[in-house]
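Student: Could we go through this structure together, one step at a time? I would like each answer to show the reasoning that leads to it.

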Amino acid sequence: MKPAPFQYVAARTIEQALQLKAEHGDEARFLAGGQSLVPTMNFRLTQPAMLIDINPLHELAGLGNGPAVRLRIGALTRYRSLERDPATARHLPLIAEALPLIAHPQIRNRGTIGGNLAHADPASEMPAIVLTLGGRLRARSAKGERWIDAADFFVGALTTALEPDEMLMEVELPKAPPRSGACFMEMSRRRGDFAIIGVACIVRLDEAGRCAEARIGLCNAGDGPVFAARASASLTGRTVGSVEIGEAAKLVQSDIDPGGSIHASKEFQRHIAGVLTTRALARANERARGAA
Ligand SMILES: Cc1cc2nc3c(=O)[nH]c(=O)nc-3n(C[C@H](O)[C@H](O)[C@H](O)COP(=O)(O)OP(=O)(O)OC[C@H]3O[C@@H](n4cnc5c(N)ncnc54)[C@H](O)[C@@H]3O)c2cc1C
């Protein structure tokens, strides 16, 4: 199908893009990689009156240092640039492991982290990872700017805390700390498909080799990305072995509420969440031991 008619504006400056969004609100959409927006327009699920193309705003792209041990990724940074940046593997191993599982290279050449996070598909890997890492996101409008914690940013399926006049500018994430290991695993029907379930795990050890902190997040396990708070907390202060991992996997299964689909029933998704949590936690723990 073809999209409904719309007005197209290639933004020359961030200020101009924000001014247009302030004037047109929900009637206008920012166009980033177009990999989610354009298909929904073609199906006429979305019919914006105006597209504000932010691709000319190169200052919105790139990976750089934030304050202390944090990194900032500009909203217009393409998945492919992140995949190719050695800093991703060094400091954001969870993202490095997930990137090759997101769609196909052609889509990763165009798709941006900001577009993906603003789209907030519950099956998407990045929202679950940003939530698991405890990241925060910078939103800006013509009136000013604010930081939003990931836990408050993802409000529900395809819904975020962004106001109609706000643009997502960047996401800030902590670098992987010493003595930590991370692992991302997912199951999908075919390579490049959205995940039936995806699990992100981080384990950080103390000097005695016990778990100082664990964080477990999931995609396609609820209305939005899910942080498995009880399962994560259950590992703190313990020496992580198969018993502790098995307990955490059971808590994950009861912490989630997957939607089910023609490809996988809720029960199957819950089962896979348990299996993948067991495997990903064991791998993250091994990696943390290696790093220690
Ligand atoms: C065949 C196929 C397979 C896919 N598989 C996966 C997958 O396995 N996992 C996955 O996570 N995704 C998958 N995707 C989606 C892909 O990741 C999209 O690229 C991504 O979700 C959107 O990023 P984008 O830059 O293309 O955003 P766009 O499509 O341009 O925009 C998406 C939405 O975000 C808004 N937006 C964009 N940038 C901003 C901003 N800076 N501030 C505020 N709002 C903004 C837009 O207005 C729009 O509403 C797939 C897509 C396709 C076509």
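Tutor: Before any distances between domains are given, note that domain bounds come from an automatic or database domain assignment, and that this is a predicted model.

Student: Which residue ranges does the domain assignment of the chain give, and how far apart do the C-alpha centres of domain 1 and domain 2 lie?

Tutor: The assignment divides the chain into domain 1 (7–53), domain 2 (58–174) and domain 3 (180–291). Taking domain 1 and domain 2 as a pair, their C-alpha centres are separated by 19 Å.

Student: Which element supplies the largest share of the side of domain 1 that touches domain 2?

Tutor: The contact between the two domains involves 13 residues of domain 1 and 15 residues of domain 2. On the domain 1 side, the residues divide into five nonpolar, six polar and two charged. The largest share of that side, five residues, comes from H1.

Student: Which residues of helix H1 are buried, and which exposed residues does the face turned away from its buried side carry?

Tutor: The buried residues of H1, a helix covering residues 14–24, are Ala17, Leu18 and Lys21. They span an arc of only 95° around the axis, and therefore sit on the same side of H1. These buried residues pack against E2, strand E3 (50–53), strand E6 (136–141) and E10. The face turned away from them carries the exposed residues Glu15 and Glu23.

Student: Where does the ligand lie with respect to domain 1 and domain 2, and why?

Tutor: Residues of the shell around the ligand come from domain 1 (7–53) and also from domain 2 (58–174). Because both domains contribute, the ligand's place is between them.

Student: Which helix gives the most to the shell around the ligand?

Tutor: There are 29 residues around the ligand, of which Gly33, Gln35, Gly111, Gly115 and Ser124 come nearest. By class, the shell has 15 nonpolar, 11 polar and three charged residues. Several elements each supply at least two residues, among them strand E2 (28–31), helix H2 (37–42) and helix H8 (125–133). The greatest contribution, five residues, is that of H7.

Student: What is the count of buried residues in strand E7?

Tutor: Strand E7 (residues 144–149) pairs with E6 in the antiparallel sense over six bridges, and a hairpin of two residues joins E6 to E7. Within this pairing, Arg140 has Glu145 in E7 as its bridge partner. E7 is nevertheless hardly covered, and the count of buried residues among its six is zero.

Student: How many of the eight residues of strand E11 are buried, and which strands stand at the edges of its sheet?

Tutor: The open sheet of four strands runs in the order E11-E12-E13-E14, with antiparallel pairing. Strand E11 (residues 180–187) is largely enclosed by the rest of the structure, because the buried residues among its eight number seven. As for the edges, a strand with a single partner has one side left without a neighbour in the sheet, so the edge strands are E11 and E14 (226–227).

Student: Which residue of E12 does Met185 stand opposite, and which residue in E13 is the bridge partner of Gly198?

Tutor: E11 pairs with strand E12 (residues 197–205) in the antiparallel sense over eight bridges, and here Met185 stands opposite Val199. E12 also pairs with strand E13 (residues 211–219), again antiparallel and over eight bridges. In that second pairing, the partner of Gly198 is Cys219.

Conventions
Residues are numbered from 1 along each chain as its sequence is written. This is a predicted model: local features need pLDDT of at least 70, side-chain atom pairs count only at pLDDT 80 or more; totals for chains, interfaces and linings use all residues. A residue is buried if 20 or more other C-beta atoms lie within 10 Å of its own, exposed if 12 or fewer, and partly exposed in between; C-beta atoms are placed from the backbone. Two strands pair if DSSP finds at least two bridges between them. A residue is near a molecule or strand if its C-beta atom, placed from the backbone, lies within 6 Å of it. Ala, Val, Leu, Ile, Met, Phe, Trp, Tyr, Cys and Pro count as nonpolar, Asp, Glu, Lys and Arg as charged, and the others, Gly among them, as polar. The arc is that of the directions from the helix axis to the C-beta atoms. Two residues are in contact if their C-beta atoms, placed from the backbone, lie within 7 Å.
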